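User: I'd like to go through this structure with you before I get back to the bench. Can we take it topic by topic?

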Amino acid sequence: MEEGEDDSLSPNAASKISNLRLPATCDPPSDSNPPKQAVWIIFGATGHLGRSLVRAATGHGDNVTSVGWTAEHNMEEMRSWQENNSIGMLCDIRVRETVDAVIKKSIEHWGKIDIIANCTGYGTQLSNSVTIGVIGACEDQDDHELRSQFETNFMGTLNILQLSLPHFRSQNHGRYLIFSSTSGALGTPGLGPFCSTKYAVEGLIESMLYEIDVYNIKATLVEPGHMRLDEPDSKSFGIKKYSAFKVKMASEPYRGANAPAGHARRMVQWLNDRQPVSTVKSAEVIWQLAHCSYPPLRLLLGSYAVESIRDRLRSIVEEVRDIMPIPKRLMMNRGLETPLLSNDSTG
């Protein structure tokens, strides 16, 4: 899903790329397996990936409620971005009443909801753009920044889940697409609190899936890596091409040119507007994900996401292998040993 030679791509063109298909094990839509028309709610629909997802879903004939943020947009703007088979709404996912109103109005308008995508992120107004997180050492981030990231990224997600699950249970099906991050799988210096919100979301979704599987409700964590809006007309919508972060002034202990706490800042500055992953291609794959019969727990977008998370998992496996003799020696009742421990030959 990396960008090719072209800098822009229409959603219709992305849908025709033959090798841009989920594996057959997911049972994705195809000519021999046509999808049924679905109804979406897309929270964060005015962001760089949310916008592409709206256009991908409506381009395939689905119906969409596009939800913007009350502090950033107004209904006139939402109507100007509206696609043929979509309606625009506003809410603040931190405020349960506004989320509940979106869900109820969507059901009233469309008659049902099949898919809910949460593309929102922590919002702080900064130079006419909205940040998705704060870059700075853990020690340097203040109480407001810490709480705002958790209230949006975690509590906002929980609000959406708790308020929509009764509807999904009543119809005995539903699909969640929860946008996490590679930061939900590995810690990044300079992004500690942001990473912790994503770790929390991933733990929430993994736990919840056991509880809701009996109701035929499924969820996937979408983990993007360095994405950039590449629609040919993105400038006309006034949508920033890539995600922005608020950069905190480093305190003296973390101010060195090579200080680990500055890693995230240096990475963002180096990338600038060269984020390598296409949102248009990604949106096409996410639309397939929403319609496949056997969705994966995680969908990684871009080679950076794959490589960094794979390296993290290798590190964990190596640590477990190295420490294996100690957990075995801690067992008081050998009859309770797991197969992993009992099969280990280390004394």
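User: Is Val320 buried, partly exposed or exposed?

Analyst: Val320 counts as partly exposed, because its relative accessibility is 37%, where buried means under 20% relative accessible area, exposed over 50%, and partly exposed in between, with a 1.4 Å probe and protein chains only. This is a predicted model, in which local features need pLDDT of at least 70 and side-chain atom pairs count only at pLDDT 80 or more, while totals for chains, interfaces and linings use all residues. Residues are numbered from 1 along each chain as its sequence is written, and side-chain values use heavy atoms, with hydrogens and water left out.

User: OK, switching to cysteines: how many disulfides are there?

Analyst: A search of the whole structure gives 0 disulfides, a disulfide being a pair of cysteine sulfur atoms within 2.5 Å.

User: Why is there no bond for Cys292?

Analyst: The closest cysteine sulfur, in Cys26, is 5.0 Å from that of Cys292, which is too far for a bond. Cys292 is itself buried, as its relative accessible area is 1%.

User: And salt bridges, how many turn up?

Analyst: The whole structure has 12, each counted when a side-chain nitrogen of Lys or Arg is within 4 Å of a carboxyl oxygen of Asp or Glu. One of them joins Glu206 and Arg298, at 2.5 Å from N to O. That pair links distant parts of the chain, with Glu206 in helix H6 and Arg298 in strand S12, 92 residues apart; helices (H or I, at least four residues) and strands (E, at least two) are DSSP runs, numbered from the N terminus.

User: How accessible is Glu206?

Analyst: Glu206 is partly exposed, since its relative accessible area is 33%.
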